[in-house]
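I opened this notebook to keep track of what I looked up in one structure, entry by entry. The chain and its coordinates come first, and my notes come after.

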Amino acid sequence: MKKILSIILVGVLLVASLPQIGSVPTYAATSNTTASTQLVKDTIRALGIMTGDSKGNLNLNRLINRDEFVQMMVNASPYKDAESVLGGTSVFKDVKYDHWAAESIKIAVNAGWFTGYLDGTFKPTKYITLEEAATALLKLLGYTNADIVGTYPSVQLSKYYSLGLDKGTNLKQGQKVSREDAMYMFYNVMNTKTKDGRYYAETLGHPMLAGQIDYAQLVQSVIEGPYVLSKQSIEEILPFTNDNVTVFKNGNENTLEGIFPFDVIYYSKNMRTVWAYSKKVTGLYALATPTINAPSSVMIAGSNYAISTSDATYKLSSRGNFALGDTVTVLLGMNGDIVDVLSPDEFNEPTYGVVTAFEPYSYKDSAGKLIAQNSIKVASTDGTIRQFVTGATKFTVGNVVSVTFTNSESVVKLLGSTYLPGKFNNDATMYGNYKLSKNIEILDTTFSGEYQAIYPQRLANVTLYNNDVRYYTLDSDGAINRLILNNVTADLFTYAVVTHVDETTTVVDNPDPMPDTVVTNGVYEYQVNGIPGVYRTSNQLLGIGTGPVILSYKDGQVSGMNAIQGVFISELSATTATSNNVIYGISDAVQVYQNIGGSYFLVNLETVSNLNEYNLVGYKDGGNRAGNLIRVIVAVKKEQVK
């Protein structure tokens with residue numbers, strides 16, 4: 001294969017690992033509360049207890065038949081995978097051997113969960129009542145008639161309620177059970193201890209977390225994949241119809257139409273959920289571990305990646321398509337592992353972003369020869385750093401550029417500003433008259449090379465002006481799919497607190513008639529998130545005191561400080577602060593310091609949130625378009641200022 005001297009290095013990958021799943025929702029609920037309906041639905045789907053009809057509808061409002069409830073019990077039991085080998089037989093005269101639930105009914109009867117009626121029937125289509133369902137579920141938890149002594153059904157219902165199996169339902173004796181009631185019942189069973197003292201979910205091999213079935217681990221166990229969309233269509237990959245499908249891409253909600261060629265796909269049939277990942281790395285294939293004959297991990301463009309598929313392993317082996325020294329594009333899965341490998345000719349997507357560095361770069365080719373080139377580091381709109389070898393002589397940090405390939409050689413182009421004033425709507429799906437693509441990439445930048453990828457929701461209701469938009473691109477539908485901004489969030493500033501100032505002025509006598517020499521020096525000690533630093537000036541005094549500041553940088557070093565003004569906080573919540581009836585948002589990255597006798601100590605907000613004990617002053621940014629947030633809070637105990 002032709003060796004390509006154009007190298008793209010991705011140094012920072014925002015790849016969601018499965019327990020984060022970014023794409024898998026996290027839910028706030030404990031074993032002592034009623035879980036959210038969505039959590040219950042997702043858990044019951046993942047367990048395969050309820051999967052819905054052919055279109056994925058759970059039909060929760062419909063009453064549930066006895067045969068349906070029996071099937072749910074089998075699905076929620078160790079017999080779930082055993083029913084197909086038992087063979088359909090006729091146990092009751094109204095349940096023929098070819099009845100869809102015949103095997104499950106036989107399992108339920110043999111396990112002692114259910115019995116038939118005195119006339120030899122099971123009445124499979126009869127709606128199940130609360131007491132019937134409660135009695136069966138207690139038996140699923142290991143309770144026998146000997147454990148529950150008393151008059152039926154009052155004693156059974158008493159035990160059912162005492163175990164909390166009724167959470168999320170509102171049924172009384174004699175009432176019929178809906179599919180939604182059944183859904184909650186089985187969710188509660190999973191999080192309830194059996195007669196023997198173990199959580200029922202644990203008896204099925206599912207881990208628990210704080211008294212609840214561990215949702216993230218559960219999802220991980222039912223996911224199928226990876227698949228690469230370029231090799232199969234989405235219809236060929238998914239074993240279910242496109243109705244009622246939940247789609248996440250790179251951790252964000254999306255649609256099936258938002259999945260493109262070369263995306264890596266995972267799915268859960270029971271949950272009717274698809275996870276797609278579009279992260280790719282293009283660069284020099286430099287190292288194979290443990291051997292080139294059977295690599296389990298490789299170095300691509302200076303970073304190591306594990307290989308998770310046999311196809312990718314073969315392609316990167318000595319018998320495969322690629323050799324050390326080749327430039328390759330690897331497709332990454334949900335854990336940042338390599339799923340597939342392409343040549344740059346197979347995948348050549350342009351990069352847009354801001355220059356963060358321009359520096360020499362060298363590497364050894366397959367013959368061991370040292371190759372030296374100029375390289376340019378670009379923070380691309382997806383938030384990753386990429387490094388390109390280029391024949392260009394000079395770029396400036398902070399420039400907006402595009403990078404494409406022509407005849408396998410990188411072409412870096414300086415982009416001029418494309419002014420686009422407008423306002424984002426309430427849900428950040430529109431900007432002015434433009435729709436925002438489901439896959440939009442937004443990069444907030446500065447002219448000195450700082451950058452940050454942000455989600456569109458951060459810009460809801462924000463108005464931008466000409467100088468706020470540095471560049472944008474449109475997709476084939478005319479929607480904005482890339483947006484490079486000029487520090488509209490104020491997140492790119494570094495906020496600090498100056499803890500000590502030492503400014504000196506020295507007058508040096510000179511012989512007449514020469515004037516005396518005045519020498520000034522400043523030493524400014526500061527903290528950023530509790531980490532100390534020192535900024536020294538020569539022949540310059542900043543004229544600032546202790547307290548919060550914004551740091552300026554040049555070539556990676558502090559080059560200046562600007563004090564920021566504070567407001568007295570009269571009301572406080574986890575996300576807002578009020579001063580003089582004006583409500584300010586609190587930054588997710590707010591730094592909170594307690595000032596004790598002039599010394600600053602980094603604390604969390606909860607420690608100093610009692611306004612009866614502490615005076616709080618909030619220091620906000622300069623009011624950038626999507627800023628105006630409290631960035632630093634300084635707390636002083638009231639007894640100190642009496």
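The entries below cover a helix, a cavity, a single phenylalanine and a sheet.

**Entry 1, the model.** I note at the outset that I am working from a predicted model.

**Entry 2, helix α2.** I looked up how far helix α2, which spans residues 66-75, is shielded, and found that 10 of its 10 residues are buried, so the helix is largely enclosed by the rest of the structure. The buried residues include the charged-class names Arg66, Asp67 and Glu68, and I also wrote down Phe69, Val70, Gln71, Met72, Met73, Val74 and Asn75 as buried. I then asked myself what covers the buried residues of α2. The cover includes α1 (37-47) and α3 (102-110), and also α4 (130-140) and α6 (179-190).

**Entry 3, the cavity.** Rolling a probe the size of a water molecule over the atoms shows where empty space is left. With that in mind I searched for enclosed space, and the structure turned out to hold one cavity of 30 Å³ or more. I recorded about 50 Å³ of space in the largest cavity. Its lining is made up of Thr135, Leu138, Lys139, Tyr143, Thr144, Asn145, Ile148 and Gln156. Helix α4, already listed as part of the cover of α2, supplies the largest share of this lining, with three residues. Sorted by class, I have three nonpolar, four polar and one charged residues around the largest cavity.

**Entry 4, phenylalanine 92.** I went next to phenylalanine 92, which lies in the loop between α2 and α3. Is phenylalanine 92 buried or exposed? Its relative accessibility is 9%, and because the cut-off for buried is under 20%, phenylalanine 92 counts as buried. Leaving aside neighbours within four places in sequence, I find phenylalanine 92 in contact with Ile105, Val109, Gly116, Gly120, Thr121 and Phe122. I also took one long separation, from phenylalanine 92 to alanine 460: the two are 368 residues apart in sequence and 62 Å apart in space, C-alpha to C-alpha.

**Entry 5, the sheet.** I traced an open sheet of five strands with mixed pairing, in the order β3-β6-β7-β4-β5. Strands β3 (224-228) and β5 (252-254) stand at the edges with a single partner strand each, so one side of each is left without a neighbour in the sheet. From one strand to the next, I have a twist that averages 30°. Looking at one edge in detail, I noted that β3 and β6 (residues 264-268) run antiparallel and are joined by three bridges. Valine 228 stands opposite valine 264 in β6.

Note on methods. Residues numbered from 1 in each chain as written. Predicted model: local features only at pLDDT ≥ 70, side-chain atom pairs only at ≥ 80, totals over all residues. Heavy atoms only, no water. Buried < 20%, exposed > 50% of the residue type's maximum accessible area, 1.4 Å probe, protein only. Contact = heavy atoms within 4.5 Å. 1 Å grid on protein atoms, 1.4 Å probe; cavity = no way out; pocket = protein on both sides within 12 Å on 5 of 7 lines; lining within 4 Å. Points joined across faces, edges and corners; volume = space filled by probe spheres on them. Pairing = 2+ DSSP bridges. Axes fitted to C-alpha atoms, helices over the stretch in contact; angles between N-to-C directions.
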